[in-house]
Amino acid sequence: MESGLRALLYVSQLAEGLDARSVAQVLAVARLNNALHGETGVLVFDGEQFCQYVEGETPRIRALLRNLLADPRHENMRILADLPIGARHFQTFRMGYVTVDDVDVLHGLANAQAGEAVARFQQLVASFDVEA
């Protein structure tokens, strides 16, 4: 079994018929689960689209990915990066959260290659006031 730290970065759309209350519920559960399992990361939401970066031990990230793929609260999930990392980038956030008004902010990430997408996401998050 693979071990070590792994990062997952994906974009998806909020499922039709759901609203911002659903996002708050997702965030609350993610923070609880991440605290229990040692994952850290940041979720960015633009009102329509999610972009989440999460990092942790490889077996936990693999399990999280399976859960995300089965979660009906979002659709059109596209994995931008799923790769081993040497150190955490967001170790202070069990699940940081940012909302953005500009829907074009996340579109630039969707076309980037894995390493480039992660670097762009990190730069993007550094420019925001992240809710811890």
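Which element supplies the largest share of the lining of the largest pocket? Helix 1 does, with 6 residues. The legends below describe close-up views of a predicted model.

**View 1. The largest pocket and its lining.** The space in this pocket comes to about 400 Å³. Its lining counts 19 residues. Closest to the pocket centre are Ala30, Leu64, Leu68, Asp71 and Arg73. Three elements each give at least two lining residues: helix 1, strand 3 and helix 2 (58-70). Helix 1 gives the largest share, 6 residues. Sorted by class, the lining holds 9 nonpolar, 6 polar and 4 charged residues.

**View 2. An open, mixed sheet of 5 strands.** The strand order is 4-1-3-2-5. Strand 4 (74-84) and strand 5 (96-99) are the edges, and each pairs on one side only. Between neighbouring strands of this sheet the average turn is 15°, with direction ignored.

**View 3. The pairing of strand 2 with strand 5.** Strand 2 covers residues 40-45. Strand 2 and strand 5 run in the parallel sense and share 4 bridges. One residue pair to look for is Val44 and its bridge partner in strand 5, Val98.

**View 4. Helix 1 across the sheet strands.** Helix 1 spans residues 20-37. It lies across strand 1 (5-14), strand 2, strand 3 (49-57) and strand 5. Relative to strand 5, helix 1 runs at about 160°.

**View 5. Helix 4 across the sheet strands.** Helix 4 spans residues 114-126. The strands it lies across are strand 1, strand 2, strand 3 and strand 4. Relative to strand 4, helix 4 runs at about 105°.

**View 6. Asn76, a residue with positive phi.** Asn76 belongs to strand 4, an edge strand of the sheet. Its phi is near 55°. Most residues other than glycine have a negative phi. Is Asn76 buried or exposed? Asn76 counts as exposed, because its relative accessibility is 58% and the cut-off for exposed is over 50%.

**View 7. Pro72 in the loop between helix 2 and strand 4.** Pro72 has 68% relative accessibility, so it counts as exposed. How far apart are Pro72 and Leu14 in space, C-alpha to C-alpha? The distance is 9.1 Å, although 58 residues separate Pro72 and Leu14 in sequence.

Technical notes. Residues are numbered from 1 along each chain as its sequence is written. This is a predicted model: local features need pLDDT of at least 70, side-chain atom pairs count only at pLDDT 80 or more; totals for chains, interfaces and linings use all residues. Side-chain values use heavy atoms; hydrogens and water are left out. Two strands pair if DSSP finds at least two bridges between them. Axes are lines fitted to C-alpha atoms, for helices over the stretch in contact, and angles run from 0 to 180 degrees between N-to-C directions. Contact means heavy atoms within 4.5 Å. On a 1 Å grid over the protein atoms alone, a cavity is a set of points where a 1.4 Å probe fits but cannot get out, and a pocket is an open set with protein on both sides within 12 Å along at least five of seven lines; lining residues have an atom within 4 Å of a point. Grid points are joined across faces, edges and corners, and a volume is the space filled by probe spheres set on the points. Ala, Val, Leu, Ile, Met, Phe, Trp, Tyr, Cys and Pro count as nonpolar, Asp, Glu, Lys and Arg as charged, and the others, Gly among them, as polar. Buried means under 20% relative accessible area, exposed over 50%, partly exposed in between (1.4 Å probe, protein chains only).
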